[in-house]
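This report covers the ligand site and the aromatic pairs of one structure. Please keep the sequence and the 3D view at hand while reading.

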Amino acid sequence: MSQALMEKIGINYPIIQGAMSWVGTPSLAAGVSNAGGLGMIGAGHEPGEFVRKLIRETKEMTDKPFGVNVLLLSPYVDEVVEVVCQEKVKVISTGAGSPGKYMKKFKDAGIVVIPVVASVALAKRMQNDGADAIICEGMEAGGHIGKSTTMTLVPQVVDAVTIPVIAAGGIADGRGVAAAIMLGASAVQLGTRFVVANESIAHDNFKKRVIKARDIDTVVTGQITGHPVRVLRNKLTREYLQVEKEITSDKNPDFARLEELGRGALRRAVVEGDKDTGSFMAGQSAGLVTKEQSCEDIVQELMQEYRALTSNPVVFA
Ligand SMILES: Cc1cc2nc3c(=O)[nH]c(=O)nc-3n(C[C@H](O)[C@H](O)[C@H](O)COP(=O)(O)O)c2cc1C
């Protein structure tokens with residue numbers, strides 16, 4: 001299934017760069033696609049014409065296929081869907097809901113549709129709605145997360161659907177790639193490792209934090225709001241978690257304060273490198289990320305490590 005998926009998308013390696021708001025710009029997407037993987041630009045909450053500009057910039061930097069992450073909750077979703085179809089983007093990934101309503105339009109435009117899911121039920125629903133493949137994301141991942149781990153979710157989704165499954169969350173080296181393939185995944189999606197790519201526009205403070213991070217340096221905020229987010233610890237997360245605690249104990253329920261703390265926080269981390277008030281979204285795999293490299297070197301290293309492991313399997317008597 002891996003080969004069929006790669007042929008369908010038109011990539012050389014089963015490596016997908018996860019869409020990342022603010023970080024997933026044309027330079028990163030083109031870098032990953034030029035390296036033989038699949039780069040993804042994030043449409044976020046941007047209007048259609050802005051997304052068209054991003055797509056055209058990416059086309060200037062690569063003649064390889066790349067994808068766009070369509071945020072279904074965006075107020076501009078209808079115009080973004082129109083633009084990705086007009087621009088004949090090769091792949092779209094979607095989060096927060098089902099792209100069912102737009103499926104015919106995507107299919108008519110020849111677009112490969114790959115929703116992100118965090119549960120077996122949602123995976124089945126996406127397959128029924130006509131998805132071509134599924135990105136199955138575990139709670140080790142950076143950014144918005146579900147409740148299950150990649151290790152447990154991927155094989156259960158693989159058992160539940162017949163379309164290819166792409167594993168995401170906690171994968172940052174060739175060992176992770178090999179493990180995901182063993183679990184039945186056809187490809188992998190990485191976010192955190194690509195934050196520190198040379199082609200990533202993430203502020204140096206962000207890249208340094210990811211590189212310095214240890215295994216226990218991420219926390220999950222937003223449990224209380226129903227939108228949990230994995231992020232590196234800092235002053236912002238300490239304050240956020242404190243307010244969450246106060247709300248839970250009903251001491252001083254201040255949801256407005258949470259909203260205020262979170263507003264614009266990812267942009268402050270990515271663009272300004274604000275160590276105190278920025279939201280440095282990153283996965284538990286940050287502890288495995290040790291250096292800044294080009295997308296080409298990251299993709300090649302992942303594949304070399306994967307090949308070394310799989311050509312030397314551990315055999316038990
Ligand atoms: C800084 C950052 C921003 C992210 N933003 C988005 C996003 O806008 N849309 C989305 O579908 N996933 C987003 N993600 C999740 C990634 O696409 C990817 O699935 C995830 O990072 C994979 O797990 P990993 O971080 O362990 O590699 C984001 C992740 C990070 C680290």
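In this predicted model, a polar side-chain atom of Asn69 lies 3.4 Å from a nitrogen atom of the ligand. Two further contacts involve oxygen atoms of the ligand: a polar side-chain atom of Glu137 is 2.5 Å from an oxygen atom, and a polar backbone atom of Gly170 is 2.8 Å from an oxygen atom. On its own the ligand has 600 Å² of accessible area, and the protein covers 92% of that area.

There are 16 residues around the ligand, and those that come nearest are Ala19, Ser21, Glu137, Gly170 and Thr192. By class, the shell consists of 10 polar, five nonpolar and one charged residues.

Turning to the aromatic rings, a search of the whole structure finds two pairs. Their geometry is listed below.

| Aromatic pair | Centre to centre | Angle between planes | Type |
|---|---|---|---|
| Tyr102 and Phe106 | 6.3 Å | 55° | tilted |
| Phe206 and Phe280 | 5.0 Å | 80° | edge-to-face |

Tyr102 and Phe106 are both buried. Phe206 has 1% relative accessibility and therefore counts as buried; Phe280, at 0% relative accessibility, counts as buried too.

Where do Phe206 and Phe280 lie? Phe206 is in helix 10 (residues 204-212), while Phe280 is in the loop between helix 13 (265-272) and helix 14 (295-311), so their pair ties together parts that are 74 residues apart in sequence.

Definitions and conventions. Residues are numbered from 1 along each chain as its sequence is written. This is a predicted model: local features need pLDDT of at least 70, side-chain atom pairs count only at pLDDT 80 or more; totals for chains, interfaces and linings use all residues. Side-chain values use heavy atoms; hydrogens and water are left out. A residue is near a molecule or strand if one of its heavy atoms lies within 4 Å of it. A polar contact is a pair of N or O atoms within 3.5 Å; within protein, one must be able to donate a hydrogen and the other to accept it, and residues adjacent in sequence count only if both atoms are side-chain atoms. Accessible areas come from the Shrake-Rupley method with a 1.4 Å probe; for residues, only the protein chains shown count as cover. Ala, Val, Leu, Ile, Met, Phe, Trp, Tyr, Cys and Pro count as nonpolar, Asp, Glu, Lys and Arg as charged, and the others, Gly among them, as polar. Rings of Phe, Tyr and Trp (its six-membered ring) pair if their centres lie within 6.5 Å; planes under 30 degrees apart count as stacked, over 60 as edge-to-face and the rest as tilted. Buried means under 20% relative accessible area, exposed over 50%, partly exposed in between (1.4 Å probe, protein chains only). Helices (H or I, at least four residues) and strands (E, at least two) are DSSP runs, numbered from the N terminus.
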